[in-house]
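Trainee: Got a minute to go through this model with me? I'd like to get the overall layout straight.

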Amino acid sequence: MSTEKIPPPASSSSSSSSTTSSHYEVSKGFNGLDKVLLRDARGSFAEVYLYGAHVTSWKNDQAEELLFLSSKAIFKPPKAIRGGIPICFPQFASFGTLDTHGFARNRFWTIDDNPPPFPTNTSSKAFVDLILKPSEDDIKIWPHSFEFRLRVALGPGGELMLTSRIRNTNTDGKPFSFTFAYHTYFSVSDISEVRVEGLETLDYLDKLQEKKRFTEQGDALTFESEVDRIYLSTPTKIAILDHEKKRTFVLRKDGLPDCVVWNPWDKKAKAMSDFGKTRTINCSF
Ligand SMILES: O=P(O)(O)OC[C@H]1O[C@@H](O)[C@H](O)[C@@H](O)[C@@H]1O
């Protein structure tokens, strides 16, 4: 994910650290939960809670926050954090028997300082590798053994890069299938001023109409009421244009064909005790 923008001036913020590596710092966050801080040489920043491997902040080199994090977010297990980037695994939404969006977003992940090498080397100097393995209780509700490795990195231009590697470690060699999403909440100024480009002419399942299939007609997707759709077979590049902020989020993805666009609008947002406001657009892959 990256942004293109005409930036206003802003000050930078700092946070005290308790552990450091050459690539990240570990610090205490809300309710004493551990969080990892990433900073690059140009001043871009990301914050990742080990609870859920949840990215809760991504700032550009002007210290502008790019993700929405609800002011009412509850940083307390087993509740998932509202905003940022929840990881939905092994189930997206209610596509299965597990609780909505699976359990990875409300488990404690650990830092993996010795991950298997990546096929291509990234030039990032600010990154962290996290890992989740199922507990015995997890295996009772989802009977598969796995290793989920997530790398969160800041790219050379301050881009936020997430890479997931999921390995089947079932001892009997049994395959498993899963659904997965980065459930990113982007911070936008006024949702009525936002357009999403790259989804036009595509088919989508409308979750507000019993997942019926429709074809997107407009030049770009705009918002006038609640939207909750799964766009199918989407391109590798999608853009979110925020006219008021004069900012464009450019989303690039690989290996994740579908794209979920969700905005709860006022009524649904108010019904969620941990939501706060609706100036957000949720794009999940
Ligand atoms: O409240 P949760 O479990 O984080 O889910 C938030 C939303 O997640 C979206 O992906 C779903 O399409 C919505 O229907 C849902 O309300």
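Trainee: Which residues does each domain cover?

Mentor: Keep in mind that this is a predicted model. The chain splits into two pieces, with domain 1 running over 16–187 and domain 2 over 188–285.

Trainee: How far apart are the C-alpha centres of domain 1 and domain 2?

Mentor: The two domains do touch, with 15 residues from domain 1 and 15 residues from domain 2 taking part in the contact. Between their C-alpha centres, the separation comes to 22 Å.

Trainee: Which element gives the most to the side of domain 1 that touches domain 2?

Mentor: On that side of domain 1, the residues break down as 8 nonpolar, 5 polar and 2 charged. The top contributor spans residues 181–187 and supplies 7 residues: that's strand 12.

Trainee: How many helices and strands are in the chain?

Mentor: Contacts first: take those between residues at least 6 apart in sequence, and 59% of them join residues at least 24 apart. As for the elements themselves, the chain has 2 helices and 20 strands.

Trainee: Why is the chain as compact as a globular protein of that length?

Mentor: The C-alpha atoms fill a box of roughly 50 × 45 × 40 Å along the principal axes. For 285 residues the globule rule gives 19 Å, and the chain counts as that compact because its radius of gyration is close to this, at 19 Å.

Trainee: What percentage of the residues is buried?

Mentor: Buried here takes 20 or more other C-beta atoms within 10 Å of a residue's own. Out of the 285 residues in the chain, the buried share is 36%.

Key:
Residues numbered from 1 in each chain as written. Predicted model: local features only at pLDDT ≥ 70, side-chain atom pairs only at ≥ 80, totals over all residues. Domains from an automatic or database assignment. Contact = placed C-beta atoms within 7 Å. Helix = DSSP H or I, 4+ residues; strand = E, 2+ residues; numbered from the N terminus. Nonpolar A, V, L, I, M, F, W, Y, C, P; charged D, E, K, R; others polar. Rg over C-alpha atoms; globule rule 2.2 N^0.38 Å. Buried ≥ 20, exposed ≤ 12 C-beta atoms within 10 Å, placed from the backbone.
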